[in-house]
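Here is a short report on one pocket and one helix pair. Please keep the sequence and the model in view.

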Amino acid sequence: MNEDYVAATSHAVVVLDGLSVPDGMDTGCIHGTPWYVQQLGTRLLGRVTEIPLVPLAEALADAIREVAELHADTCDLTHPGTPAATVAILRTAGHVEYLVLSDAVVVLDTIYEGIQVIEDGRVNETAMAHSEALLSSPAGTAAHAAARREMIAERRTARNKVGGYWVAAALPDAADYAVTGSMRPGKVRQAAVLSDGAARAVAFGLHDWAGLLAVLETAGPDELLCHVRAAEQGDAEATTWPRPKIYDDAVAAYCRINNIKVR
């Protein structure tokens, strides 16, 4: 089941990547990650595009709060594994504004500074020993699955805490820790908004960021995701590109300002 989300209007795009939960790990929630991602994405797109416009971090905080209220009576929102998602937003209603929380990516092709990649790498600075053990164990083995559970368990202890990393979950204040910024619209030619699964096109060395934008511009998101899937299928044991999961959900949006394509 796809735990990513992408939706757009003529002036905004929202990408979410739900945090996967391995078998045997609890979340304290009866609904699950796909439900959370859908609920958050729908509300977030509405808040981002609502007039009068509010800052993107405020829109995210409001959406997190609204979803938390939906299941506070049925679920334990204090559970460290409560459903969560990474977030990337681009809005072009006036200035070109962006927000990134955790490992989604916004790529901006600017006129004067070239390509700017907006990332939030704090999650990769947690559970590093477990992450190394995971990447060194053969994919598809019991050892690999156990190492992944151990990495996620340790990362949960650092989730939404100062000195750790931040994601959209049940704490609206997490939005205050997002990477945000804006540029004048005349400075940006095109942009991409990607979940980390789609950004594997660069992580695997299939394209650099300029090449990724070129594929999106000429062939669209479907073609980019085909490149990623072909690479994953050709490395089914994760030996060429060690990674936590052989296949990862992937969504991408390509934005020629005021013209957004999604997949």
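The pocket comes first, then the helix contact.

This is a predicted model: local features need pLDDT of at least 70, side-chain atom pairs count only at pLDDT 80 or more, and totals for chains, interfaces and linings use all residues. Residues are numbered from 1 along each chain as its sequence is written, and side-chain values use heavy atoms, leaving out hydrogens and water.

**Pocket**

The largest pocket holds about 1100 Å³ of space. Its lining has 41 residues, and Asp103, Asn124, Arg155, Asp196 and Pro244 are the closest to its centre. A pocket is an open set of points on a 1 Å grid over the protein atoms alone, where a 1.4 Å probe fits, with protein on both sides within 12 Å along at least five of seven lines; lining residues have an atom within 4 Å of a point. The volume is the space filled by probe spheres set on the points.

Strand 2 (12-18), helix 3 (128-136), helix 4 (142-158) and helix 5 (200-203) each give the lining at least two residues. Helix 4 supplies the largest share, 5 residues. Helices (H or I, at least four residues) and strands (E, at least two) are DSSP runs.

**Helix pair**

Helix 3 and helix 4 pack at about 160°, with axes 8 Å apart. Helix 3 is therefore roughly antiparallel to helix 4 (angles over 145 degrees). The contact (heavy atoms within 4.5 Å) includes His130 of helix 3 and Arg155 of helix 4.

| Site | Nonpolar | Polar | Charged |
|---|---|---|---|
| Largest pocket lining | 17 residues | 8 residues | 16 residues |
| Helix 3 with helix 4 contact | 4 residues | 3 residues | 4 residues |

Ala, Val, Leu, Ile, Met, Phe, Trp, Tyr, Cys and Pro count as nonpolar, Asp, Glu, Lys and Arg as charged, and the others as polar.

Notes
Axes are lines fitted to C-alpha atoms, for helices over the stretch in contact, and angles run from 0 to 180 degrees between N-to-C directions. Angles under 35 degrees count as roughly parallel, over 145 as roughly antiparallel, 65 to 115 as roughly perpendicular and the rest as oblique.
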